[in-house]
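User: Hey, could you walk me through this one? I'm new to this, so plain words please.
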Amino acid sequence: MITLHNLTVSYQRHPAVHHVSGRFAPGLATAIFGPNGAGKSTLLKTIMGAIRPDSGEVRFDGISRKDIAYLPQQSEIDRSLPVSVIDLVSSGHWRSSGLFGQVGRKQDQLSWDALVTVGLEDFALHPVSALSSGQFQRVLFARILVQDARLILLDEPFNAVDARTTFDLLELVRRWQEEGRTVIAVLHDYEQVRAYFPQTLLMAREVVAWGATSSVLSDDNLRRAADTAAHWQANAPVCAVDVTGAAK
């Protein structure tokens, strides 16, 4: 479904993602895992199309960006807008109704069902600004449910979220895999990756290992990722770009 070809993304010519190539397994959940500053969120945003790579490309096979549901980090979302919980969930119907279209009765029911699934039906008319971090994350997952996307991208979805909410939302990740959806998530918790994500991309700005989680998260690979990340942070090499646009 998604293949990366020699992908390089730089900030002021210092590479955050460096010559990354590989293929995400369709219909499975893949964790993007690695030390702080490893380029994980940058890679996810590049797949989404929010960041343009210096070189290389992201190839989609059989899907378009309209088939993607993307959940950014909570810190990147403005919760001060006067929007109710049910209205935020219903905005996930944009693919069928358009950005400013009317939501019909069937879509209203789907929005309500999504709130029931995440356990927030009693908060439907509450403003999102009144929710806790865990409740707000449940609402965002409900919005993904109504989007009915084939590809789901999650950027640190369980940060600052209570244990019960984390468990419930991880069960949704399991459900999405059972439905044949592809999930790619940036994560920091080793146990979450081991329990819920059969595939892992271990990064330290470049690929350290990519494949079955049981093999990727070996002690040797984790040690190599930490060492590589420390090297990048200490030396911060400049990635030269030739006249063809190819990073060196």
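User: Where is alanine 160 found?

Analyst: Alanine 160 sits in the loop between E6 and helix H6 (163-178). Helices (H or I, at least four residues) and strands (E, at least two) are DSSP runs, numbered from the N terminus. This is a predicted model, where local features need pLDDT of at least 70, side-chain atom pairs count only at pLDDT 80 or more, and totals for chains, interfaces and linings use all residues. Residues are numbered from 1 along each chain as its sequence is written, and side-chain values use heavy atoms, with hydrogens and water left out.

User: Ok, is alanine 160 buried or exposed?

Analyst: Alanine 160 is exposed, with a relative accessible area of 65%. Buried means under 20% relative accessible area, exposed over 50%, and partly exposed in between (1.4 Å probe, protein chains only). Its phi is near 60 degrees, a positive value in a residue other than glycine.

User: And what's the phi of aspartate 148?

Analyst: For aspartate 148, phi is near 55 degrees, which is positive in a residue other than glycine. Aspartate 148 lies in the loop between helix H5 (133-147) and strand E6 (151-155). Aspartate 148 counts as partly exposed because its relative accessibility is 46%.

User: Switching to pockets. How much space lies in the largest pocket?

Analyst: About 440 Å³. Of its 23 lining residues, Ile77, Leu88, Ser91, Leu140 and Arg143 are the closest to the centre. On a 1 Å grid over the protein atoms alone, a pocket is an open set of points with protein on both sides within 12 Å along at least five of seven lines, and lining residues have an atom within 4 Å of a point. Grid points are joined across faces, edges and corners, and a volume is the space filled by probe spheres set on the points.

User: Which element gives the largest share of that lining?

Analyst: H5, with five residues. The lining of the largest pocket divides into 15 nonpolar, two polar and six charged residues. Here Ala, Val, Leu, Ile, Met, Phe, Trp, Tyr, Cys and Pro count as nonpolar, Asp, Glu, Lys and Arg as charged, and the others, Gly among them, as polar.

User: What about the second largest pocket, how much space is in there?

Analyst: That one holds about 290 Å³. It has 20 lining residues, and the closest to its centre are Leu110, Leu145, Val146, Gln147 and Asp148. H4 gives the most to this lining, with five residues. The lining of the second largest pocket splits into eight nonpolar, six polar and six charged residues.

User: At what angle do H5 and H6 pack?

Analyst: About 15 degrees, with their axes 10 Å apart. That makes H5 roughly parallel to H6 (angles under 35 degrees count as roughly parallel). Axes are lines fitted to C-alpha atoms, for helices over the stretch in contact, and angles run from 0 to 180 degrees between N-to-C directions.

User: Last topic: how many residues of helix H1 are buried?

Analyst: Eight of the nine residues of helix H1 (residues 40-48) are buried, so H1 is largely enclosed by the rest of the structure. Among the buried ones are Lys40, Leu43 and Ile47. Just after H1, glycine 49 takes a positive phi of about 100 degrees.

User: Oh, and how far apart are aspartate 113 and valine 146 in space?

Analyst: They are 8.9 Å apart, C-alpha to C-alpha, and 33 residues apart in sequence. Aspartate 113 is in helix H4 and counts as partly exposed, at 34% relative accessibility.

Methods: 1 Å grid on protein atoms, 1.4 Å probe; cavity = no way out; pocket = protein on both sides within 12 Å on 5 of 7 lines; lining within 4 Å. Parallel < 35°, antiparallel > 145°, perpendicular 65-115°, else oblique.
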